[in-house]
Amino acid sequence: MAFRLLWIWCFLTFAGVAQSADFRVTFINPGGETGFWGDVSRTMAAAAADLNVELEILYADRQPYIMEALLKKRLDDGDLPDYFVLVNENQSAARLLQLMDGKPSKVFFLLNKLTAKQKNNLERHNIDLRNIVASIVPDNETAGYEMAQSLIEKARKLKPQGEPIHLLALTGDTTTPAGLQRETGMLRAVADNPDVRLLHAIPTDWNETIAFRRARDVFARTKVDVVWGANDDIAFGALKAAVEAGLIPGENIFFAGLNWSLRGMEAVREQNLTMTHGGHFFAGAWSMVMLRDHFFRTVEGEVFVDVLFKMSPVTLENVDLYLTNLGDGNWEKIDFSQFRKTGSGRSHYDFSASAILEAAGS
């Protein structure tokens, strides 16, 4: 009975259906309808409506085995979409592609694409990867670096010259490419600043409660000056632990997060976070833009497009601009059709923060 209810919960999720759509897309969302992955779905649905795409979204609630089960059932049901949008969360995409081998639908990778090792292994097992038509991935390494730099600069202003800065890094998980790339950026910042001491890099499974518990354990046994959180939820878990330990965020300990969440932006304005990096949930919308361009391409054959786009930091200096224009989460006010290349004369994609702000009415 529990298994049956699980299927009902997973499959009663549908968004943005047009009556006479140009093409159909199914997105296997590794998360849920709230938080970051909910924002990804909402920007995707808003863009799908602008671009005449029939969009189906299935949620796995951050459990890779459910992602696999969702895809398998969708393939078994037949009447397949033109495209599947997949995410290499926890490096689960290799198994997903094995399930799709021989199917007519094309594949688009969102936010986390295949690693080189996964690609080589699949090719050795004769899995046809030619149905992968495109991907869009944010520059997570640069974001991780800039987050660490913001923390270091804040802490350095309060430290006597030469006194070490003690950094606690709370990471996402040990396998998802985005998290590993953010961690690489953080490590590069540590290497670039000889006065910084990395105390620990502790995985938290992207979970605020786990981040709170693990940060609390560290605060109980050692001094921490700055906390680098792989996303906003992690940063907030650690911030709560710091307050319970008698520390004062923004005064004797500093935090940085990532996601452009509303509460993250508000925490930046209140100076509880040095920044919330992000903008990458708009990749949901960008995937629809790119798939429309692929569907209406003028060049015959398969053209692989691999887009790497930069995220942007929301800081005390610009937070009011972002809150004013994006704080309402109303993505329907943006005309996403203006971002496409097909029929617009664009030679390249502009998925920058300035383009988003302009489209949102700043």
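This short talk walks through the two domains of a predicted model, the interface between them, and a handful of individual residues.

Let me begin with the overall division. The domain assignment splits the protein chain into domain 1, which takes residues 23-139 together with 281-361, and domain 2, which takes residues 140-278. If you look at the C-alpha centres of domain 1 and domain 2, you will find them 28 Å apart, and the contact between the two draws on 27 residues from domain 1 and 27 residues from domain 2.

What area is buried between domain 1 and domain 2? It comes to about 2200 Å², and carbon and sulfur atoms give 61% of that.

Turning to the polar side of this interface, there are 13 residue pairs in polar contact across domain 1 and domain 2, counting pairs with both residues at pLDDT 80 or more. On the side of domain 1 that touches domain 2, the elements that give two or more residues are β12, residues 312-314, and α12, residues 319-326, and it is α12 that provides the largest share, with five residues. Sorted by class, that side of domain 1 holds 13 nonpolar, eight polar and six charged residues. Across the interface there is also one salt bridge. As for salt bridges by name, Asp 320 forms one with Arg 269, where the closest N and O atoms are 3.9 Å apart.

Now to some single residues, starting with His 277, which you can find in strand β10, residues 276-278. Is His 277 buried or exposed? Because its relative accessible area is 0%, His 277 is buried. A polar atom of the His 277 side chain lies 3.4 Å from the backbone oxygen of Ser 312. Beyond its close neighbours in sequence, up to four places away, His 277 touches residues that include Ala 143, Trp 260, Met 311, Ser 312 and Pro 313.

A little earlier in the chain comes Thr 274, in the loop between α10, residues 262-269, and β10. Thr 274 has a relative accessibility of 11%, so it counts as buried. Its side chain is joined to that of Ser 150 by a polar contact of 2.9 Å, and among the residues it touches, leaving out those up to four places away in sequence, are Leu 151, Phe 254, Val 268, Val 314 and Thr 315.

Another threonine, Thr 171, belongs to strand β6, residues 165-171, and with 3% relative accessibility Thr 171 counts as buried. How far apart are the C-alpha atoms of Thr 171 and Asp 205? They are separated by 7.7 Å, although the two residues are 34 residues apart along the chain. Asp 205 is also one of the contacts of Thr 171 outside its neighbours within four places in sequence, and others include Glu 183, Trp 228 and Ile 234. For Thr 274 and Asp 205, which are 69 residues apart along the chain, the C-alpha separation is 22 Å.

I will finish with the backbone. Most residues other than glycine have a negative phi. Asn 52, in the loop between α2 and β2, has a positive phi of about 60°, and at 26% relative accessibility Asn 52 is partly exposed. Leu 111 also has a positive phi, near 70°, and sits in the loop between β4 and α5, but Leu 111, at 3% relative accessibility, is buried.

How values were computed:
Residues numbered from 1 in each chain as written. Heavy atoms only, no water. Domains from an automatic or database assignment. Contact = heavy atoms within 4.5 Å. Buried area = accessible area lost by both parts, 1.4 Å probe. Salt bridge = Lys/Arg side-chain N within 4 Å of Asp/Glu carboxyl O. Polar contact = N/O pair within 3.5 Å; in protein donor to acceptor, adjacent residues only side chain to side chain. Helix = DSSP H or I, 4+ residues; strand = E, 2+ residues; numbered from the N terminus. Nonpolar A, V, L, I, M, F, W, Y, C, P; charged D, E, K, R; others polar. Buried < 20%, exposed > 50% of the residue type's maximum accessible area, 1.4 Å probe, protein only.
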